[in-house]
Structure formats: C-alpha cells, structure tokens
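Got the model open in your viewer? Keep the selection box handy, and we'll walk through it one stop at a time.

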2 protein chains.
Amino acid sequence: MSTLNHQTIRKAIRERIESGEWLPGATIPGEVDLAAEYGCSRTTVNRAMQNLADDGLIERKRRAGTRVKEIPTRQTTFKIPIVRHEIEASGASYRPHILERETIKAPNHIAARLHLKKDAKLFHLVTAHLGDGRVHAVEDRWVNLSAAPDIIKAPLNEISANEWLIRKVPYSSGDVIFSASAAAAREAEAFETKIGSALFTIDRTTWLDDVYITTMTLRYRPGYNLQSRL
Amino acid sequence: MSTLNHQTIRKAIRERIESGEWLPGATIPGEVDLAAEYGCSRTTVNRAMQNLADDGLIERKRRAGTRVKEIPTRQTTFKIPIVRHEIEASGASYRPHILERETIKAPNHIAARLHLKKDAKLFHLVTAHLGDGRVHAVEDRWVNLSAAPDIIKAPLNEISANEWLIRKVPYSSGDVIFSASAAAAREAEAFETKIGSALFTIDRTTWLDDVYITTMTLRYRPGYNLQSRL
DNA sequence: CAGTGGTCTAGACCACGTG
DNA sequence: ACGTGGTCTAGACCACTGG
C-alpha cells in the first residue's frame, strides 16, 4: 500500500471540499465509509477529520455526522512575540531601559484587572525595549508582589521583567487583547513621533490558577504589525 | 479503572510542569514510562503529549526525547471575525453601506499584493459596516475580476462582499496582518472622530492555489479590540 | 433507540537523529 | 546503531443526540 497517513487523507478531503465536491452545509460520508474508500482504518480517518475540525473547515456531531461549515471559521494562530527575540531577529542588539520603577498601592483599574484589593502593594515598571538604541516598544507593567516578591531584586537592566517572570513563575495562563491606541506624551517622546500617533498595542494579564501575577500594556513603535497565515 | 483519557493525562502533565517538578529544559520521561505510570496505553500518552507540543509547552524529538521548553512559545488562536456576526452578537442589526464602487485598472501597490500585472482590471469597493446605523468598520476591498467576475452582479447592498465571496470562491487560504493605523478623512467622517485617530486595522489577502482573489483593509471604529486567551 | 463520532487498547513497524 | 517519537491497525466500548 502506498503511503496513506492521516495527513494525506486530510489533504485529500480538504481538496474535495475546496473543489466543490461537497458544498457548504452538505453532510460528508461517515468515517467508516471514508476508511473503506481510502483503504485505511477508521482511526486514521478519524484523526484526519479531527484535524480538519480544528481547522474550522468542518463541523462534527455525534449521530448527525460531519458537515462542511457554511461559513468556515477563519482562524489564525499568532505567536505572542517576545520583544527581545523580535529585535534580535532583525539583527539588532537588544537592551531594556527602565523609564520608571516604583512600589506603590494599586490604582483601582489595575487592582481590578489583577483581582486584588485596591490597597494591595504592586511593583510598577515602565520599560523601553531598545534595538540598537532605537525604541522598539514601551512596556507598562504591574506585578503582584505577593505572587512574585523577588522581582524587586531582579537585575532588570539586563533581563526584561517578562523573561525574568517566565523563569520564576512559569507557565501561567492569561488573556491577550490586541488594539490600537494613541501615543501619550511618554510614547511620543520615546518613538520620536507626535502625541496621538496610532500605536499597535497588546494588553496581557497572566495568572497561575487563581493567583494573578502580572498585567502589562505593550505599545509598539509606529508602523509595527503582526503577521500571520490564515 | 477510573477515567483516564488523554485530556486527563495532558492536564496532569501540564500541572507537573507548572508545579516545577520538571523545570524548563529538563527531559521528561518517555512515553512508555508515562504509560506505565498512568496505567494506560502508550497511544494515549502520545496523544496527550502531541497536544502539549501543539500548545508550545514542550519540544519533542525522536531519539532525544521530550523536553520542557526553555521559553514556552506563547501562542494564541484568534478567530478572524466576520463583521456581520460581531455586530449581530451585540444585538444590533447589520447593514452594509457602499461608499464607493468602481471597476478600474489596478494601482501598482494593489497589483503587487495580488500578483497581477499592473494593468489588470479590478473591482474596487469601499463599504461601511453599520450596526444600528452606526459605523462599526470601514472596508476597502479590491477583487480580481478574472477570479470572480460575477461580483459585479452581486447584490452588495444586502450581502457583504466578504460573505458573497465566501460562497462563490470558498476555502481559499490567505495572509492576515494586524496593525494600528491613523484615520484618514473618510474614516474620520464615518466614525465621527478626528483625522489621525488610532484605528485597529486588519489587512487580508486571500487566494486559491495560485489565483489571487481579493485583498482588503478593514479599519475598526476607535476603541475596538480583539481578545483571546493565552 | 440506533447511528455517528470520541476514545482506548495492544501490538506493530517505521523514521529520524543523537550519541 | 538503537532508542525515541510518529503512525497505523483492528477491534472494542462509550457518549451523545437526532429521528
């Protein structure tokens, strides 16, 4: 038998859908039939189909069978960039530069984001991420000191708070929000642009189980974009 | 035996990593050992591990085994929104409003994006997407008329060009670019804001095999954001 | 309640890349 | 060379849900 792996079958079925053989909304043959047609086990077909479902191309329901989606869920996976990697990938040398650093009581909106009482002590850090001396992004970060007290002693001139946190409080989960925001005075100065310029912005809050660790806003230099394949 | 599915094992292993039992860079036990430990078949462990690898938490190599990633690849999947769905999800009623419509020779930068000769005829459409009469987003789209000639006859006052295209030229692949851009006069007027306001922007080009179909820029009203779980 | 997808198992062979 | 992950198979049972 030739090479009939699940990827081959996945591709074959994808092409049959794209060619119009099975139109949007149509029910496609069951796993048993497809297995017979392709001469492989149902397990293999099942795997191929589950992948296609993950891709958003088909919908599967027990008893009802598998259908081609009316409107395919276009989705795309973005790797959340690590600023140092972005900068180094362009050939420049990375350096974090601390613009502001303090330990204070949480402002209300930050306390809310981190699910803390409003008088909790937080570590506040504003960092410019430099690539060959030019500002690539400005990061405004708040860290929950009960979750990561040692950050006060971290050498944040050498390693960014982000990477330090990854090592100390690894593998938390989190929220990400992509948006556009206007440059405030601080960003305008850092990026050598005008106040109000459009900046690509990522907000990120991370936690481990029910302990909220950190929230930050990352504003990129004008012209920055995130690219992906659909 | 209790319920030991691949998801349970996936979760268990994830927790062992997050707890620090296996540190970043460490090699974790082979599939055979884990299968023995959890009392299930290797197939099941394999599936759990492949999922964790997809999540970017571990790295797997034949012969070398499975390691915890030094810096986990944080990645997140965004569903590319269909504007009509976004609007209707908020309870408003959707209506596309055509601002501009023409059939002309492609400007150079658009021809380049679509890999066409610069004198190719293109369909150009600017649409305001309305939710209860308010502009939610402005779409600037170019369609390759040799790929989708019938779009000229489509009832674009009722169905958006996007959804029409999905039906007629389904399941193409594409590029997506997220960025921030400044409102030009047209957007400023549509959104009742000032020229230069920061707008969240999605650029998208789609094709089927080697035929480029359409490219568009979608600018969202000020304050819009895209959210996801990390 | 019956048919479909979801999952598990035990065993097998293969492909890759490290040591 | 050989140990690890990648995959396939055949068969089985289960869970969900539509008719």
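Select α3(A) to begin: with 4 residues, this helix gives the largest share of the surface near DNA strand D. Keep in mind as you click around that this is a predicted model.

Now show everything around DNA strand D. You should get 25 residues, and those that come nearest are Asn5(A), His6(A), Thr44(A), Arg42(B) and Arg60(B). On the DNA side, sugar and phosphate make up 62% of the strand D atoms that come within 4 Å of the protein. Colour the residues of this surface by character and they split into 3 nonpolar, 11 polar and 11 charged.

Next, look for polar atoms facing the strand. Three spots are worth zooming in on:

- His6(A): a backbone N or O atom sits 2.5 Å from a phosphate oxygen of DNA strand D.
- Glu31(B): a polar backbone atom is 3.2 Å from a phosphate oxygen of the strand.
- Arg63(B): here the partner is a base oxygen of DNA strand D, 3.0 Å from a polar side-chain atom.

Zoom out to the secondary structure, and you'll find that α1 and α3 of chain A, along with α3, β2 (58-61) and β3 (65-68) of chain B, each give two or more residues to this surface.

Stay with His6(A) for a moment. Is His6(A) buried or exposed? Its relative accessibility is 17%, so His6(A) counts as buried, with the cut-off for that label at under 20% and only protein chains included. The residue is found in helix α1 (residues 6-18) of chain A. Leaving aside residues up to four places away in sequence, His6(A) touches Thr44(A), Arg47(A), Ala48(A) and Asn51(A).

Over to DNA strand C. Which residues come nearest to this strand? Select Arg42(A), Arg60(A), Asn5(B), His6(B) and Thr44(B), out of 24 residues around the strand. Of the strand C atoms within 4 Å of the protein, 61% belong to sugar or phosphate, and the rest to bases. The residues of the surface here divide into 3 nonpolar, 11 polar and 10 charged.

Three close-ups for this strand:

- His6(B): a backbone N or O atom lies 2.5 Å from a phosphate oxygen of DNA strand C.
- Ser41(B): a polar side-chain atom is 2.8 Å from a phosphate oxygen of the strand.
- Thr43(B): a side-chain N or O atom is 3.3 Å from a base nitrogen of DNA strand C.

Highlight α3(B) as well, as this helix gives the most to the surface near DNA strand C, with 4 residues. At least two residues each come from α3 (42-55), β2 (58-61) and β3 (65-68) of chain A and from α1 (6-18) and α3 (42-54) of chain B.

Now leave the DNA and select Glu163(B), in helix α6 (residues 161-168) of chain B. Glu163(B) counts as buried because its relative accessibility is 7%. Show its neighbours, skipping residues up to four places away in sequence, and you'll see contacts with Ile71(A), Ile82(B) and Arg84(B).

Last stop: hide everything except chain A. Its 7 helices and 11 strands belong to a C-alpha trace spanning about 65 × 35 × 35 Å along the principal axes. The radius of gyration is 24 Å, where a compact globule of 230 residues would be near 17 Å. Half-and-half is the story for burial, with 50% of the 230 residues counting as buried. Switch on the surface and you're looking at about 11,800 Å² exposed, 47% of it supplied by carbon and sulfur atoms.

Conventions. Residues are numbered from 1 along each chain as its sequence is written. Chains are lettered from A and ligands numbered from 1 in the order in which they are written. This is a predicted model: local features need pLDDT of at least 70, side-chain atom pairs count only at pLDDT 80 or more; totals for chains, interfaces and linings use all residues. Side-chain values use heavy atoms; hydrogens and water are left out. A residue is near a molecule or strand if one of its heavy atoms lies within 4 Å of it. A polar contact is a pair of N or O atoms within 3.5 Å; within protein, one must be able to donate a hydrogen and the other to accept it, and residues adjacent in sequence count only if both atoms are side-chain atoms. Ala, Val, Leu, Ile, Met, Phe, Trp, Tyr, Cys and Pro count as nonpolar, Asp, Glu, Lys and Arg as charged, and the others, Gly among them, as polar. Buried means under 20% relative accessible area, exposed over 50%, partly exposed in between (1.4 Å probe, protein chains only). Contact means heavy atoms within 4.5 Å. The radius of gyration is taken over C-alpha atoms; the globule rule is 2.2 Å times the number of residues to the power 0.38. Accessible areas come from the Shrake-Rupley method with a 1.4 Å probe; for residues, only the protein chains shown count as cover.
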